[in-house]
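Biologist: Could you take me on a close look at one part of this protein? I would like to know how it sits in its surroundings, and then how it fits into the wider picture.

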Amino acid sequence: MIHRRLSACCLLVALLWLPALAHASDVQATLDRTSVRLGETVTLNLRIANAGSNMVMPDLSALSQDFDVLGSSQNNSLSIVNGGASSELIFGVVLRPRHAGVLTIPALTLGSTRSAPLQLQVGAADSVAAAAAHSDVLVESQVEPSHGYVGQQFSYVVRLLYATDLSGGSLDQPQVDGVEISAIGNDVTYTTQRDGRTYNVRERRYSLTPQHAGRIVISPAAFQGQAVDSNDPNSFFGAGTPVSASASPLTLDVRAVPPDWGSSAWLPARQLSLSLDGWPGATEPVRVGQPLNLTMNLQTTGLGYDTLPALSLPAVDGATVYPDKPAMGNHGDGPWIVGRRQQSFAVVPERAGTLTIPATTLKWWNVQTDRMAMAQIPARSVTVLPAIGAARQPPGPAGASSAAIAPITKSIAAPAPATSWRWIAIGSLGLWLLSMSAWLLWRRRRPGSAPVVSPRGGATRQLQQAFLNAARDGDPAAQTRSLLAWAHAERAAIQNLGQLSEALGDQRQRAAIDTLQRRRYAAATIPEDRSLLIDAFKRGFAWHMTETGDDNPELPPLYPFKLH
């Protein structure tokens, strides 16, 4: 029995990994910079998505014609998003060009796939550096590209080269008027050669984002420090030689936004992708009141997240959309910023039939092709089934209605004895007086407005169960979405937790909602108590009962009648 269970588990794990293995052929080759000078190094990164454990470094012999291979590295990463696992393997190869010109990095074979070839612009050795080759310390700077648009990211690289030991020093951060500057990643260290002499290099990368058009001058990067001689015994007591160096100034030609761009957000990027995840499969049923959890992702290369527009779904006919708290951030990909925005939505269908999410489009400017581009999420539709347990009125037999009315009409038309009408009137009056007395007694004893517990029909019972399941899982975002979906099914006007709290008459339910809100935005400081939510809402919502004011205490008669 144990052997069978282990075999079943192994089979299940293998089936779960089949989609990942199917995508193991995704390979991307990139260079950390597209232009270098003779004597400098460049790093070739080979990214393999969902690589298998048997993936090994590819054969690099094809590079030996134009490059010296100075070293290699390997890095593995695993990420889990929305319950789905994905892995990435990165092979890094440090190359030094052997001659100037446009060099081609050929396609490399990794397993059963091949990477795309790349081109590298290699310039002649820097004349300034060659003239100063006898110096122990050099500073170089480079900006890429040399021209572009307002709001576009430019890559600015500063390199400190030193052929002696340094005991300290400072490399000035660039300061340019009208340009936003931010560092990208950590310093990169490697070695290079200038006129046959070997230097240690500390490379620092910055992002430059011009805020206005025109010609911009970047002041020379400068270094000041102290050099020590390891053969000099006095150097151990802090006696060093002051050294300084500076790079050449650089210029940027910045163009304005194209005049025919229109009123949409200006997004000059190197790459941009827009996607919508979480759409149900063909065999997955969708019912009224059951939320669809969708996630929209926007990612750009060459733009930070703070310049990206807020994400939203178009108006959806037949459903209510509840947005969650957005997620955003930046990370570096070589010299470029990669910005990301992510927005989750709970789409709650309100009626059976076909539910369509309209297409979403986003216009952006491709700075590599220097032309407008369009990212689009196509329209999608799904069939929504009635809620489980929803009441349905079966059609009655033809003529049933008229047949039922006929005898009643006949009995009303028939005359009745006078004595029967008198007793009916007296009995009705007595029942009315009895109900009025009971109502007045209830008014006197009532301490306050009693909360009305919501009925739990088939649809609301399903939504309540979905919320209780989310409460046990402990995810505040999922708890909020399912709680609002349940409340909206009973009170259509409720759109957020604040409105829900005001509509409730039970203090425990209000306190549970307050704790849930604080956990969503201060999860690190608010302890988790799953039983609080479950105990507060397991019997349904305790709505405020609509009161009748004391100024108008009259009730309509329970049994209207006429005296003749």
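The part I have in mind is strand 10: how many of its eight residues are buried?

Modeller: Happy to. One word on the ground rules: this is a predicted model, in which local features need pLDDT of at least 70 and side-chain atom pairs count only at pLDDT 80 or more, while totals for chains, interfaces and linings use all residues. Residues are numbered from 1 along each chain as its sequence is written, and side-chain values use heavy atoms, with hydrogens and water left out.

Now to your strand. Eight of the eight residues of strand 10 are buried, so the rest of the structure largely encloses it. Buried means under 20% relative accessible area, exposed means over 50%, and partly exposed lies in between, with a 1.4 Å probe and protein chains only. Strands (E, at least two residues) and helices (H or I, at least four) are DSSP runs numbered from the N terminus.

In a regular strand the side chains alternate between the two faces of the sheet. Both faces of strand 10 are covered, with Val-137, Val-139, Ser-141 and Val-143 buried on one side. On the other side, Leu-138, Glu-140, Gln-142 and Glu-144 are buried as well.

Next, the neighbour. Strand 10 runs antiparallel to strand 12, and eight bridges pair them; two strands count as paired if DSSP finds at least two bridges between them. Glu-144 of strand 10 has Ser-155 of strand 12 as its bridge partner.

Glu-144 is also linked to Pro-145 by a cis peptide bond, with omega about -10°. Pro-145 itself belongs to the loop between strand 10 and strand 11 (147-149).

Strand 10 also borders an enclosed space. Three cavities of 30 Å³ or more turn up when the whole structure is searched. A cavity here is a set of points, on a 1 Å grid over the protein atoms alone, where a 1.4 Å probe fits but cannot get out, and lining residues have an atom within 4 Å of a point. Grid points are joined across faces, edges and corners, and the volume is the space filled by probe spheres set on the points.

The second largest cavity holds about 50 Å³. Its lining includes Gln-142, Val-143, Glu-144 and Ser-155, along with Arg-205 and Pro-335 among others. Strand 10 (137-144), strand 12 (154-162) and strand 16 (197-210) each give two or more residues to this lining, and the largest share, three residues, comes from strand 10. By class, the lining has three nonpolar, two polar and five charged residues. Ala, Val, Leu, Ile, Met, Phe, Trp, Tyr, Cys and Pro count as nonpolar, Asp, Glu, Lys and Arg as charged, and the others, Gly among them, as polar.

For comparison, look at the largest cavity, with about 70 Å³ of space. It is lined by 10 residues, and those closest to its centre are Gln-479, Thr-515, Arg-519, Asp-529 and Leu-533. Helix 8 (507-521) and helix 9 (530-537) are the elements that give two or more residues to that lining, which divides into four nonpolar, two polar and four charged residues. In helix 9, the buried residues are Leu-533, Ile-534, Ala-536 and Phe-537. These lie on the same side of helix 9 because they cover an arc of only 165° around the axis, the arc being that of the directions from the helix axis to the C-beta atoms.

Another strand with a similar story is strand 3 (residues 42-49): six of its eight residues are buried, so it too is largely enclosed by the rest of the structure. Strand 1 (residues 27-31) runs antiparallel to strand 3, joined by five bridges, and Leu-31 is opposite Leu-44.

Thr-189, in strand 15 (residues 188-194), gives you a contrast, being exposed with a relative accessible area of 52%. Leaving aside residues up to four places away in sequence, Thr-189 touches Val-201 and Arg-202; a contact means heavy atoms within 4.5 Å.

Finally, the wider picture. The protein has nine helices and 33 strands, and 38% of its 564 residues are buried. Of the contacts between residues at least 6 apart in sequence, 70% join residues at least 24 apart.

How values were computed
1 Å grid on protein atoms, 1.4 Å probe; cavity = no way out; pocket = protein on both sides within 12 Å on 5 of 7 lines; lining within 4 Å.
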